[in-house]
Amino acid sequence: MSRVYNFSAGPAVLPEEVLKEAAAEMLDYRGTGMSVMEMSHRSKAFEEIITAAEQDLRDLMQIPDNYKVLFLQGGASQQFAMIPMNLMKNKTADYIITGQWAKKAAKEAEKYGKVNRIASSEDRTFSYIPDCSDLPVSEDADYVYICENNTIYGTKFKTLPDTKGKTLVADVSSCFLSEPVDVSKYGLIYGGVQKNIGPAGVVIVIIREDLITEDVLPGTPTMLTYKTHADAKSLYNTPPAYGIYICGKVFKWIKSLGGLEAMKERNEKKAKVLYDFLDQSRLFKGTVEKKDRSLMNVPFVTGDADLDAKFVKEAKAAGLENLKGHRTVGGMRASIYNAMPYEGVVALVEFMKKFEEENL
């Protein structure tokens, strides 16, 4: 069985080079006589793995020294609670609602304090990013929260909101390491790695040190306190060791290609192939306002649910997997993360052209 082109939104495609390297080291990691899956997280070999992974991520994102990098568990969804538990000192936060995940995060935060939804694009099925240049930021808000790239709806913040001096918190799960980023503009950046970096089971949090305190909401569990993990260098308990090891390999892969500038160029080139076709297609159409299009997730429809289903089925038979849209929106979605090769997007467009000819 040859490898398919996997357009899944997550868990998603990983670089073939990384998978081959991991396969070669599966039974014996660098002369240790054991797999990384089996080794103690307190061992020297694993300490080297996690230290190198953190350093490579710091290099790639040019993370300032006053930020901590934490490798955690519980997925991005656990951060929906962890963020307010640790950051809601005034018991107030502002949320910008651009999709399901921001919506869920806001709902979870309401358990811990007052949530103001200061902008939303729900009025047009989250098909755009609202103007965030002059928001009604609450005077007592502890932070302003965004989901930077919306996996389901295919939108991306091209300009960060003006938070009027308040701490910006961003979920970057589906655009992590897809382009250069100025970490200093955020108080906290986090993301589940299963979309653009590694296997499911790891969430990376990059947090400014002044936000890591013992002053958390009463009743916050030890495991859900950032300080617990920052003080223990992500080794308070057994971390998702194998997942971190794969993430580390992906960081090295990105470095080998030229870092985040090169990654952005690659991603723009791939996305252009698909968006250019959608813009002139007589059958398919994109669902997002052009200025807000994501480079990572591209939703599209034919306008006919039966035809959409037929497309997904025939695409699968042609080795183009996981193109079905999220259940909340239907249609199709191609997730073209860092590890999706250019050839994969070309193959998709060629198939779409053929399908269009046969079904118009």
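**Reading salt bridges, cores and backbone oddities**

Mentor: Let's start with glutamate 21, which counts as partly exposed because its relative accessibility is 42%. Keep in mind that this is a predicted model.

Trainee: Okay, which residue forms a salt bridge with glutamate 21?

Mentor: General idea first: side chains of opposite charge can pair when their charged atoms come close. Here the partner is lysine 249, with the closest N and O atoms 2.8 Å apart. The pair ties together distant parts of the chain, since lysine 249 sits in helix α6 and glutamate 21 in helix α1, 228 residues apart. Lysine 249 counts as buried because its relative accessibility is 9%, under the 20% cut-off.

Trainee: Which residues are linked with Glu21 and Lys249 in a network of salt bridges?

Mentor: Glu25 and Arg30 join Glu21 and Lys249 in that network.

Trainee: How many salt bridges are there by this rule?

Mentor: The count comes to 30. Another one pairs lysine 255 with aspartate 59, at 2.7 Å from N to O. That bridge runs from helix α6 to helix α2, across 196 residues of chain. Lysine 255 is partly exposed at 32%, and aspartate 59 is partly exposed at 38%. You can also look at glutamate 289 and arginine 124, whose side chains meet at 2.6 Å. Those two are in loops: glutamate 289 between β11 and β12, arginine 124 between β4 and β5.

Trainee: On to the nonpolar side. How many residues does the largest nonpolar core have?

Mentor: In soluble globular proteins, nonpolar side chains tend to be buried together. In this model the largest core has 89 residues, and Met61, Leu177, Ile204, Ile206, Phe251, Phe284 and Phe311 have the most contacts inside it. Helix α6 gives the most to this core, with ten residues. There's also a second, separate core of 34 residues, including Leu70 and Phe80. For a close-up of the big one, take isoleucine 206: beyond its sequence neighbours within four places, its contacts include Met61, Tyr67, Phe176 and Leu188.

Trainee: And how do I read a helix? Which residues of α7 are buried?

Mentor: An α-helix has 3.6 residues a turn, so residues three or four places apart point the same way. In α7 the buried residues include Gly259, Met263, Asn267, Lys270, Leu274 and Leu278. The buried residues of α7 pack against α2, α6, β11, β12, β14 and α9. As a sanity check on geometry, its 22 residues should span 32 Å at 1.5 Å a residue, and the end C-alpha atoms are 33 Å apart, which agrees.

Trainee: Now the backbone. Where is a cis peptide bond?

Mentor: Most residues other than glycine have a negative phi, and most peptide bonds are trans. The cis bond joins glycine 10 and proline 11, with omega about -10 degrees. Proline 11 falls in the loop between β1 and α1. For positive phi, leucine 177 has about 60 degrees, and lysine 233 has about 50 degrees.

Trainee: Are those two buried or exposed?

Mentor: One of each. Leucine 177, in the loop between β8 and β9, is buried at 3% relative accessible area. Lysine 233, in the loop between α5 and α6, is exposed at 67%.

Trainee: Last one: which residues form a nonpolar patch on the surface?

Mentor: Met26, Leu27 and Met37, with about 340 Å² of accessible area together. Methionine 37, in the loop between α1 and α2, counts as exposed at 55% relative accessibility.

How values were computed
Residues numbered from 1 in each chain as written. Predicted model: local features only at pLDDT ≥ 70, side-chain atom pairs only at ≥ 80, totals over all residues. Heavy atoms only, no water. Patch = residues over 30% accessible without salt bridge, like charges linked within 9 Å, V, L, I, M, F, W, Y side chains within 5 Å. Areas by Shrake-Rupley, 256 points an atom, 1.4 Å probe, with all protein chains shown as cover. Salt bridge = Lys/Arg side-chain N within 4 Å of Asp/Glu carboxyl O. Helix = DSSP H or I, 4+ residues; strand = E, 2+ residues; numbered from the N terminus. Buried < 20%, exposed > 50% of the residue type's maximum accessible area, 1.4 Å probe, protein only. Expected span 1.5 Å × (residues − 1). Contact = heavy atoms within 4.5 Å. Core = buried A, V, L, I, M, F, W, Y, C linked by side-chain atoms within 4.5 Å.
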